[in-house]
Amino acid sequence: MPSLHSPHAQPNKNQAGFTSFKQIAVSSSLTVNSEHVYTILGKSSDLVERTFTELSFPFTLFYLDTLTDEKQLNRAVISPLLDWQTKIDVSTESLPLPDVINHLELSQIKTATSFDHIASGLTGGSAVLFLEGSTKAYLLPLFNGASRSVNEPQTQTMIRGPRDGFVENLNTNLSLVRERIKNPSLRIQAYRMGRLSEVELRLLYIEGQVHPHILSEVKDRLKQIQSHNVLESNMVEELLHTGGYSPFPRSRATERPDVSAAALMEGRIVIMLEGSPFCIILPVTFFSFFQAAEDYYQHFDMSTFVRFLRIAAFFVTLSLPSFYVAITTYHQEVIETGLLINLAAQREGVPFPALMEAVLMEIIFEMLREAGVRMPRPIGPAISIVGAIVIGESAVNAGLVSPAMVMVVALTAIASFVSPYYEISNAARLLRFAMLGFAATIGLFGMMFFMLGLLIHLCSLQSFGQPYFSPMAPFHIKQQKDTLLRFPLWWQNIHPLKSLRKLVP
């Protein structure tokens, strides 16, 4: 069996078929280490080797020029090492290998004894330093990948409040949270997700605020993730939910640092992923999707009004087309006579029943919405607006749909954009098609049965051990100060850990 320091040592493959380099140890020979690096990364065009042999203590540097800052490498690593080597007296100097790091103008230098860590360091943007005679390698943090500057969030805008938003760089996002929470109890734990992607993930919480049961469950689920490919925070979000299916989101995504900081101080957990400007907040409740950061940046009475408006818009999105189909098909007696005559006149000559009419218009609008999102930004809004006007007017003139149905679909579309979180709007978009089927079957009674089943589902749902419909079910009177209503801040004196202990068994 070949030695682990031998150039013939080969990497092993685990049960999933992925190469493992844990058994390949760092050799004291620069030549052997170079062979191992080329075995791991192959002949990649961006792999650079710089070897300095005409010295008292030879060394070799490996790095990927697509990820590593070469200017800083020359300034902070190569120049200091060369200057140091010209000043030492070989005849009197003891073995200087342990003191090499003191001569580099870098901090957070890590050591590695196996090529498993070296491979991760190289692909993460670090340069690797090998010294002749040393069985340790040094990972030098010199990442210089493409990054976007901090700017205003694109999906969660507001009139008053902070203007900075998360970007794709993980360290930048962590610094934005650290700036808002200077308490030393803030904990940040590192994970690596995806066997192929191997992206960095950070778990954030405030010790003493988060519920221990929730924290333990989240950590267990993160360790159980065995996906090959993790590229965006939504993929982690989906892999974390191991329970049954639900159209409602059981975690919340945000690109606002102030929202993340507020969630941490409430005793919740935040998950960040390298390469994603959206972080995950958990656990969540149904009513938290109707609460925006701006609620706390304006007067409490206006915030309360807007919250009721958002919840009303959610139910309009969910039930308005179904309500129209139900009353025009089964319950004409509830319509005022003049309006009933007007609606009947509008539907004169329309060849489709009300259900088909509603489904057709809803699908057309969903197509326009997706077209507006996928089209290039300069022409996307114009295409969606002009397309909606032209198609709606043409459909009415052609006698395919009634003007009332166009107005119902337009109101439903407007109401779907009121929610501050896109995830809850998507749930309403899906559920309204199911409710349309119940309304077309037995009218308002079908809608009542559907809403009752939906309420039962919400009351039985949990988000990492916390009841999803809390604090309404189970009902907690003290929690009502910041649910549907937004009481003045001087009335909200609830310790987050105490409130979560009442909700989590």
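**Close-up views of a predicted model**

**View 1. Helices α8 and α10 cross in a right-handed sense.** This view, like the others, comes from a predicted model. Helix α8 spans residues 300-329 and helix α10 spans residues 354-374; their axes lie 9 Å apart and make an angle of about 160°. Angles over 145 degrees count as roughly antiparallel, so α8 is roughly antiparallel to α10. On the α8 side, the residues that meet α10 are Pro321, Val325, Thr328 and Thr329. Their partners in α10 are Ala354, Leu355, Ala358 and Glu362. Sorted by class, this contact has five nonpolar residues, two polar residues and one charged residue.

**View 2. Arg50 sits in strand β3.** The strand covers residues 47-52. With a relative accessible area of 27%, Arg50 is partly exposed. Phe62 comes 12 residues away from Arg50 in sequence, and the two C-alpha atoms are 6.6 Å apart in space. When neighbours within four places in sequence are left aside, Arg50 is in contact with Phe59, Thr60, Leu61, Tyr63, Asn74 and Ile78.

**View 3. A cis peptide bond joins Leu282 to Pro283.** Omega for this bond is near -5°. Pro283 belongs to the loop between β12 (279-282) and α8.

**View 4. A cis peptide bond also links Ala473 and Pro474.** Here omega is about 0°. Pro474 is placed in the loop that runs between β14 (466-467) and α15 (496-503).

**View 5. Phe464 has a positive phi although it is not a glycine.** The phi value is about 55°. Phe464 is found in the loop between β13 (462-463) and β14. Its relative accessibility is 3%, and residues under 20% count as buried, so Phe464 is buried.

**View 6. Cys279 is buried and Cys459 is partly exposed.** Cys279 has a relative accessibility of 1%, whereas the relative accessible area of Cys459 is 35%. A disulfide would need a pair of cysteine sulfur atoms within 2.5 Å; by this rule, the model has zero disulfides.

**View 7. The protein chain holds 15 helices and 14 strands.** This last legend gives the setting for the close-ups. The chain has 505 residues, and 48% of them are buried. Among contacts between residues at least 6 apart in sequence, 66% join residues at least 24 apart.

How values were computed. Residues numbered from 1 in each chain as written. Predicted model: local features only at pLDDT ≥ 70, side-chain atom pairs only at ≥ 80, totals over all residues. Heavy atoms only, no water. Buried < 20%, exposed > 50% of the residue type's maximum accessible area, 1.4 Å probe, protein only. Axes fitted to C-alpha atoms, helices over the stretch in contact; angles between N-to-C directions. Helix = DSSP H or I, 4+ residues; strand = E, 2+ residues; numbered from the N terminus. Parallel < 35°, antiparallel > 145°, perpendicular 65-115°, else oblique. Left-handed = near helix turned anticlockwise from the far one by under 90°. Contact = heavy atoms within 4.5 Å. Nonpolar A, V, L, I, M, F, W, Y, C, P; charged D, E, K, R; others polar.
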